[in-house]
Amino acid sequence: TPDQIDFPSRVYAYTSNSDRTVGSAQSLLVGLFPYCGMSFSIEGDESDTQRDACDTPTDRSHSIQLRVADMTKDYTPLLHGFKANRAYSQLKGKAMREAPLFAELSAQPEYVELVDKLWRMSEFKKLSPEMSLEDRLSHLQSVAQQIAIERAYGIRIFANEAGEYFERDDETRVRNVADAICRIRYCGLNDDMQREMARLAAGPLPLEITRQFVDVAEERSEREFALYSAHDNTIMALLAQLGFKDWPIPQFAAHIIFELHYDSSTKGHFVRFAYN
């Protein structure tokens, strides 16, 4: 029962400092632990709220603390990796410049018309005709993200006064290019490039997950559940770091699960991995 569980020692939650990730973490925790209260702390401003009591009189257990990443920074290494690092920026730039994808698409009339149509409908500055066609195509991931947002809110895609409509074939082409761009950004153009780019993009998160499992396996920790609320880029970097290449691109509510199990027959631990 909730009043018999020491939640602070069993449950850990950390989120990036954007509204949507804080809201996602809060919603998930409330759904999993509806009878336990929740407290908040800001990274770099830790207050002694770890063991505050819940407000509900029937629940005498300690509240779950949701830790929010440093509010003074746009990016923190644990959930955003070292993508601000010059080495990663150089590798990503090299991969995008040398990828044959954009030159190939530039020779296909349907993609020329696609970026022109998107410019007319959205006037997105990164699709401006003043830029080269290859550069315009390289920004279709941003277009795909906007499509996902408008779909989630039930908005007509790129509503415009000219009366143009975004067709299903248009969306398929945008999605195909955007997916390829995502993989280029984290896998590069070969295995060696993927190892280096993924290491930088994933940052310390793989080590953090491993450390938590080792602490539990060696009985230094009672933790049973850890939640990290982050972004699609966090998931893609982690998948690339694990060696995957053709992973499905994460959409809203996508998640990775790592489970630590004990095999009594071998008297050893193993990890089960799942990606939704």
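So, a pocket here is an open set of grid points with protein on both sides within 12 Å along at least five of seven lines, and its lining residues have an atom within 4 Å of a point. Keep that in mind, since I'll start with one pocket and work outwards. And a reminder: what you see above is a predicted model.

Okay, the overall picture. We have 276 residues, and 40% of them are buried. The protein has twelve helices and six strands. Taken along the principal axes, the C-alpha atoms fill a box of roughly 65 × 45 × 35 Å.

Now the pocket I promised, the second largest one. Its volume comes out at about 160 Å³. Which residues line it? Going along the chain, we have Pro206, Ile209, Thr210 and Phe213, then Leu238, Gln241 and Leu242, then Phe258, and finally Val271 and Phe273. Helix 11, at 205-217, gives the largest share of that lining, with four residues. Helix 12 (232-241) and strand 6 (268-275) also put in at least two residues each. As for chemistry, eight of the lining residues are nonpolar, two are polar, and there are no charged ones.

Let's hold on to helix 12, because there's a WHY-type story in its burial: eight of its ten residues are buried, so the rest of the structure largely encloses it. The buried stretch runs through Asn233, Thr234, Ile235, Met236, Ala237, Leu238, Leu239 and Ala240. Just past the end of helix 12 sits Gly243, with a positive phi of about 100°.

Helix 12 turns up again when we look for enclosed space. How many cavities of 30 Å³ or more does a search of the whole structure find? One. The space in that largest cavity is about 30 Å³. Two or more lining residues come from each of helix 3 (77-80), helix 10 (191-202) and helix 12. By name, the cavity lining is Leu79, His80 and Gly81, then Ala201, Ala202 and Leu205, and then Thr234 and Leu238. Notice Leu238: it's in the lining of this cavity, and it's in the lining of the second largest pocket as well. The cavity lining splits into five nonpolar and three polar residues, again with no charged ones.

Right, out to the surface. There's a nonpolar patch of about 470 Å², made by Ile149, Tyr153, Ile155 and Phe252. Take Ile155, which is in the loop between helix 8 (140-152) and helix 9 (168-187). Is Ile155 buried, partly exposed or exposed? Its relative accessibility is 46%, so Ile155 counts as partly exposed.

Last topic, backbone angles. Two residues that aren't glycines are worth a click. One is Glu123, where phi is near 55°, a positive value. Glu123 belongs to the loop between helix 6 (109-122) and helix 7 (133-137), and it is exposed, at 59% relative accessible area. The other is Ala253, with a positive phi of about 75°. You'll find Ala253 in the loop between helix 12 and strand 5 (256-263). Ala253 is exposed too, with a relative accessible area of 69%.

To wrap up, if you open just one element after this, I'd pick helix 12: it is largely enclosed, and it contributes to the linings of both the second largest pocket and the largest cavity. Okay, over to you.

Methods: Residues numbered from 1 in each chain as written. Predicted model: local features only at pLDDT ≥ 70, side-chain atom pairs only at ≥ 80, totals over all residues. Heavy atoms only, no water. 1 Å grid on protein atoms, 1.4 Å probe; cavity = no way out; pocket = protein on both sides within 12 Å on 5 of 7 lines; lining within 4 Å. Points joined across faces, edges and corners; volume = space filled by probe spheres on them. Nonpolar A, V, L, I, M, F, W, Y, C, P; charged D, E, K, R; others polar. Patch = residues over 30% accessible without salt bridge, like charges linked within 9 Å, V, L, I, M, F, W, Y side chains within 5 Å. Areas by Shrake-Rupley, 256 points an atom, 1.4 Å probe, with all protein chains shown as cover. Salt bridge = Lys/Arg side-chain N within 4 Å of Asp/Glu carboxyl O. Buried < 20%, exposed > 50% of the residue type's maximum accessible area, 1.4 Å probe, protein only.
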